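Let's go through this one by asking and answering. Have the sequence and the model open as you read.

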Amino acid sequence: PMSDISAGDSHSTAYNCELNQVYLWGTYRNTEGKFGESIKQPQLLDKRRYKGKVSKVVCGSNHTIMLASQKVYLWGNSEQYD
């Protein structure tokens, strides 16, 4: 069972807080179109990419934000970040 699910324009995430697992699928886009490889099936995020216990994951249009043990992790299209 998943704790929550979130979706952006062309990507999605689902996570389980108890098992400390995050699944990703889809792709990110930038002004030129598709950005990176498209993930067609939910794929488990490697726990070596973050430290601590996941408490929340949310998707924006073309980026993802994750909170794990009071640290913020961001990934996706950075064209709009200032």
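Q: Leaving aside neighbours within four places in sequence, which residues is serine 38 in contact with?
A: Keep in mind that this is a predicted model. Serine 38 sits in strand 4, and its C-alpha atom is separated by 4.7 Å from that of threonine 27, 11 residues apart along the chain. Once the neighbours within four places are set aside, the contacts of serine 38 are Gly26 and Thr27.

Q: Does serine 38 count as buried, partly exposed or exposed, and why?
A: Buried would need a relative accessible area under 20%, and exposed would need over 50%. Serine 38 has 33% relative accessibility, so the label is partly exposed.

Q: Which strands each supply at least two residues of the largest nonpolar core?
A: That core is made up of 10 residues, among them Val22, Leu24, Val54, Val57, Met66 and Ala68. Look for them along the strands, and the ones that each supply at least two are strand 3 (21-30), strand 5 (54-59) and strand 6 (63-68).

Q: Which residues does methionine 66 touch, not counting residues up to four places away in sequence?
A: Met66 belongs to the largest nonpolar core, and it also helps line the largest pocket. With residues up to four places away left out, methionine 66 touches Val22, Leu45, Tyr50, Val54, Lys56, Val57, Lys71, Val72, Tyr73 and Trp75.

Q: Which strand gives the largest share of the lining of the largest pocket?
A: The pocket has a volume of about 230 Å³, and its lining includes Ile39, Gln43, Leu44, Tyr73 and Trp75. Strand 4 (33-44) and strand 7 (71-76) each supply at least two lining residues. The largest share, three residues, comes from strand 4.

Q: How many residues of that pocket's lining are nonpolar, polar and charged?
A: Asp46 and Arg49 are in the lining, and Asp and Arg count as charged. Overall, the lining divides into seven nonpolar, one polar and two charged.

Q: Is asparagine 20 buried or exposed, and why?
A: Asparagine 20 is found in the loop between strand 2 (11-16) and strand 3. Its phi is near 55 degrees, a positive value in a residue other than glycine. Because its relative accessibility is 14%, asparagine 20 counts as buried.

Q: What is phi of serine 69 near?
A: Serine 69 lies in the loop between strand 6 and strand 7. With a relative accessible area of 42%, serine 69 is partly exposed. Its phi is positive although the residue is not glycine, and the value is near 50 degrees.

Methods
Residues numbered from 1 in each chain as written. Predicted model: local features only at pLDDT ≥ 70, side-chain atom pairs only at ≥ 80, totals over all residues. Heavy atoms only, no water. Core = buried A, V, L, I, M, F, W, Y, C linked by side-chain atoms within 4.5 Å. Buried < 20%, exposed > 50% of the residue type's maximum accessible area, 1.4 Å probe, protein only. Helix = DSSP H or I, 4+ residues; strand = E, 2+ residues; numbered from the N terminus. Contact = heavy atoms within 4.5 Å. 1 Å grid on protein atoms, 1.4 Å probe; cavity = no way out; pocket = protein on both sides within 12 Å on 5 of 7 lines; lining within 4 Å. Points joined across faces, edges and corners; volume = space filled by probe spheres on them.
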